[in-house]
Amino acid sequence: MDPTLEAVIRQLDLERTGEDAFRGTSRDTGAPSVYGGQVLAQALVAAERTVEGRVPHSLHAYFLLPGDVAEPIDYRVERLRDGGSFSARRVVASQLGRPIFAMIASLQAPGDGLEHAAPMPQVPPPDALPPFSELGERWLAEAGPVDPRIEAVLRAGRAFEFRPVDPQNPLRPASREPRQASWFRTLSPVPDDPALHRALLAYASDTALAGTPLRPHAVSWPQVRLASIDHALWLHRPARVDGWLLYDMDSPSAQGGRGLARGQIFDRSGRLVASVAQEALMRAPRGGGRPG
């Protein structure tokens with residue numbers, strides 16, 4: 001297995017520290033704080049470990065403070081309700097006694113019902129697109145000297161392979177419509193554990209989405225402060241993250257230093273497997289210069 005993916009899977013195997021209490025660790029990705037998708041995925045794992053016979057269908061989360069990659073994260077689960085078909089859990093993630101993240105998840109006993117789904121957009125297949133690692137090297141070559149920390153982020157090891165449909169160099173952004181799409185999958189096969197695939201899907205759902213509202217404004221994350229404020233995920237159908245999935249994203253609005261983005265995730269056969277919504281902070285650094 002790819003070592004970065006293996007490290008992420010180990011992070012999702014939380015340590016139980018008490019009744020409905022868990023602890024997770026973080027991996028330094030070169031970013032100044034803990035990757036939000038990691039906290040989201042770990043919180044989902046914590047919630048699932050307090051329920052039997054039910055699977056999550058939706059979660060709604062707020063990122064309250066940046067996480068410190070050097071400190072463990074403690075997850076406390078509150079059992080809000082266990083009804084005939086649904087269970088609800090509140091999860092609060094804390095570091096050094098301060099809450100950094102809060103989430104409510106709803107879980108449901110499996111059942112049948114009416115079905116319909118939006119169709120997958122027509123895009124080139126993943127085999128026709130270059131991987132993000134190749135694009136990152138091309139972007140660095142085009143940009144010339146860049147901040148070493150930005151270079152480290154572009155070259156950091158990743159658990160997922162992403163293949164953008166309409167890639168844009170974040171170091172030389174141009175104005176484009178507020179939508180993008182990307183194929184993604186894990187770099188290696190993943191064990192046949194549906195809960196693990198759900199957690200990894202939640203992990204990946206925070207990637208690239210926040211940058212969608214920036215596209216019309218000819219700026220990208222190296223030029224602005226960009227951070228997730230909240231995140232909602234609806235899990236419609238089972239999906240494997242070690243097979244290609246298409247993440248189709250758009251942004252209907254940006255205002256007040258915030259940008260709203262929406263996403264739909266499809267499997268290779270065209271089934272809609274998940275929907276996502278997120279609002280992100282988009283703020284120019286103090287003094288008008290680029291962030292450090």
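Here is a short walk through four places in this predicted model.

**Stop one: helix H2.** Select residues 36–48, which make up helix H2. Is this helix covered or open to the surface? It is mostly covered, and 13 of its 13 residues are buried. Now put a distance label between its end C-alpha atoms: they are 19 Å apart. At 1.5 Å a residue, the 13 residues should span 18 Å, so the distance agrees with what is expected.

**Stop two: strand S3 and a surface patch.** Move along to residues 55–63, strand S3, and pick out Tyr62 within it. Tyr62 has a relative accessible area of 47%, which means that it is partly exposed. Then add Leu64 and Leu65 to your selection: with Tyr62 they form a nonpolar patch on the surface. Together these residues offer about 290 Å² of accessible area.

**Stop three: Leu96.** Next, find the loop between strand S5 (86–95) and strand S6 (98–108), where Leu96 sits. Check the backbone here: phi of Leu96 is near 50°, a positive value in a residue other than glycine. Switch on the surface as well, since Leu96 counts as exposed at 69% relative accessibility, over the 50% cut-off.

**Stop four: Ala208.** Finally, go to the loop between helix H5 (194–205) and strand S9 (225–235) and select Ala208. What is the phi value of Ala208? It is near 75°, again positive in a residue other than glycine. As for its surroundings, Ala208 counts as partly exposed, with 37% relative accessibility.

Terms used: Residues are numbered from 1 along each chain as its sequence is written. This is a predicted model: local features need pLDDT of at least 70, side-chain atom pairs count only at pLDDT 80 or more; totals for chains, interfaces and linings use all residues. Side-chain values use heavy atoms; hydrogens and water are left out. Patches are made of residues with over 30% relative accessible area and no salt bridge: like charges are joined within 9 Å, nonpolar side chains (Val, Leu, Ile, Met, Phe, Trp, Tyr) within 5 Å. Accessible areas come from the Shrake-Rupley method with a 1.4 Å probe; for residues, only the protein chains shown count as cover. A salt bridge is a side-chain nitrogen of Lys or Arg within 4 Å of a carboxyl oxygen of Asp or Glu. Helices (H or I, at least four residues) and strands (E, at least two) are DSSP runs, numbered from the N terminus. Buried means under 20% relative accessible area, exposed over 50%, partly exposed in between (1.4 Å probe, protein chains only). The expected span of a helix is 1.5 Å times one less than its number of residues.
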